[in-house]
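Student: I keep meeting words like "buried" and "antiparallel". Could we go through a structure together and see how such words are earned?

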Amino acid sequence: MKPVFKSLLAAATVAVAATGAQAQEAKSLKDLLDQVQQNRVSEARLDKQREAEFQSARADKQALLRKAQADLKAEQARGDRLQKQFSDNEVTLNEKAAELDQATGTLGEMFGVVRQASSEAYGRISTSIVSAQFPGRGQFLAEMSEDSKGLPNIKELEDLWFALQKEMTEGGEVVKFTTEVVNLDGGSSQQEVVRVGTFNLVGEAGYLAYDAEAEVVQPLGRQPDGHFVASADELIGATSGIVPFFADPSQGAILGLLKQKATMSERYHAGGPVGYTITIMLAIGLLIGIYKMITLTITGGKMRSQLKNVNNPSEGNPLGRILKVYQENKTADAENLELKLDEAILRELPKIESGINVIKIFAAIAPLLGLLGTVLGMIETFQTITLFGTGDPRMMAGSISMALVTTAQGIIAALPLILTHSIVASRSKSIIHILDEQTAGIVAAHSESEKA
């Protein structure tokens, strides 16, 4: 009974609290009792309304649950149906594949050979320079080689035969056509290009290369030697007849190697400071040699003119100056005259022989400098081996080039210097010989005149 009493007491308390505001307006206990009864009726009505709404919502939820369960059952049935259909299709595919294998028979091997031939033909035709003239030839070959299940039809087989036949035919033709050439600076222009079979492309800039990936024609990064380019220029300018031409049968491989070949300028600069020193010595020696050859030639000419007029000596040549000494000392005895003439010859010798020994010294030093460059290059080579090992020979190529190039430069410089020295020395000796000969003749004639 106590719990029931407590519940009733709590309900009465809530009712009293809910109607507290109105209780303040009640003037008597009877009015308060009437108000409490009215509120109790209103609350009962609200409770029934809430209960009815809850029952209605519960019915809706039950309907949604039943609908979801029905949808789930339908999807499960559909999944079972599709699984069965998939299994039936797998069986059908296997049956059709067996029927296809039985229908094709040995043709399957032939189609495999066709696909292989298409793949090989595509690899050859797509990289051939003939594609520069006829772009897009290998597209259908790529599709045939990549189709592993489809069977080629008669038209595709004929196209394969035609592509192979065209490649063979064009390989024996020299054709001039116009195409777009991409320059090394990034620009492009329409140019006339000569195709020599499947070997080379030649244009205004010399030998051209065909980039199969970008399908563009462009000049080589560096052209080969001048005589190769000259033959290419003759070919591009020819209209008929037979023109000699350096063709690359490897379809660009040899030209690629020629591009890597060092030029004369690169070989010269490989000598480094030692090579530059040898070059300076060669230049100075040749300049001295040329100067001496010119001056000695002029002096020899003047002396030959003086020989024709010995009675009228000139100060402009060594022989004239010696003859003038003779005329100034005609009254002297033969011994004193000979001494005077020898003194005059000795005064002329430094002018005649000046610079000749410099050429000789340069000719002797140049090979020694080449040997010095060889030693320095080998020292650098061994330093490279010490640091990086011998795994990459290209790392040692620079120092080895220096060792070999400086040796060659020293020998090359010594040869013309030796030749120049020989020519200049022979001319100076011929001039000195004339002076000695004339002096001896003068002394002999003077001695005979004294005796007479």
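**How the labels are earned**

Tutor: Gladly! Strand 4 (residues 206–211) and strand 5 run antiparallel, joined by four bridges. Keep in mind that this is a predicted model.

Student: How do you know that strand 4 and strand 5 pair?

Tutor: Two strands pair if DSSP finds at least two bridges between them. Strand 4 and strand 5 have four bridges, so they count as a pair. For one of the partners, look at Tyr210, which is bridged to Val217 in strand 5.

Student: What lies between the two strands of that hairpin?

Tutor: Four residues separate strand 4 from strand 5, and in this hairpin Glu215 has a positive phi near 55°. Strand 5 (residues 216–219) also has two faces: Val217 and Pro219 are on the covered one, Val216 and Gln218 on the uncovered one.

Student: Now Thr198, please. Why is Thr198 called buried?

Tutor: Buried means under 20% relative accessible area. Thr198 has a relative accessibility of 8%, so Thr198 counts as buried. You will find Thr198 in the loop between strand 2 (188–196) and strand 3 (200–203). Apart from neighbours within four places in sequence, Thr198 is in contact with Ser128, Ile129, Val130, Glu167, Gly171 and Gln251.

Student: And what makes Leu258 partly exposed?

Tutor: Partly exposed is the range between under 20%, which is buried, and over 50%, which is exposed. Leu258 has a relative accessible area of 23%, so Leu258 falls in that range. Leu258 belongs to helix 9 (residues 253–260). Not counting residues up to four places away in sequence, Leu258 touches Arg222, Pro224 and Phe228.

Student: Let's turn to helices. Why is helix 12 called roughly antiparallel to helix 13?

Tutor: The axes of helix 12 (residues 318–328) and helix 13 (residues 334–353) cross at roughly 155° and come within 10 Å. Angles over 145 degrees count as roughly antiparallel, so that is the name for helix 12 and helix 13. Their crossing is right-handed.

Student: Which residues meet there?

Tutor: From helix 12 come Pro318, Arg321, Ile322, Val325 and Tyr326, and from helix 13 come Leu337, Lys340, Leu341, Ala344, Ile345, Arg347 and Glu348. By class, eight residues of this contact are nonpolar, none is polar and four are charged.

Student: What makes helix 6 oblique to helix 7?

Tutor: Helix 6 (residues 139–146) and helix 7 (residues 154–170) have axes that cross at roughly 125° and come within 11 Å. Roughly perpendicular covers 65 to 115 degrees and roughly antiparallel starts over 145, so the angle of helix 6 to helix 7 is left as oblique. The crossing of helix 6 and helix 7 is left-handed. Phe140, Leu141 and Met144 of helix 6 make the contact with Glu156, Asp159, Leu160 and Ala163 of helix 7. Five of the contact residues are nonpolar, none is polar and two are charged.

Student: One more: how do you know that helix 11 is roughly parallel to helix 15?

Tutor: Helix 11 (residues 272–307) packs against helix 15 (residues 394–451) at an angle of about 15°, with the axes 9 Å apart. Angles under 35 degrees count as roughly parallel, so helix 11 is roughly parallel to helix 15. This crossing is left-handed. The contact of helix 11 with helix 15 holds 17 nonpolar, twelve polar and two charged residues.

Notes
Residues are numbered from 1 along each chain as its sequence is written. This is a predicted model: local features need pLDDT of at least 70, side-chain atom pairs count only at pLDDT 80 or more; totals for chains, interfaces and linings use all residues. Side-chain values use heavy atoms; hydrogens and water are left out. Buried means under 20% relative accessible area, exposed over 50%, partly exposed in between (1.4 Å probe, protein chains only). Axes are lines fitted to C-alpha atoms, for helices over the stretch in contact, and angles run from 0 to 180 degrees between N-to-C directions. A crossing is left-handed if the near helix is turned anticlockwise from the far one by less than a right angle, and right-handed if clockwise. Contact means heavy atoms within 4.5 Å. Ala, Val, Leu, Ile, Met, Phe, Trp, Tyr, Cys and Pro count as nonpolar, Asp, Glu, Lys and Arg as charged, and the others, Gly among them, as polar.
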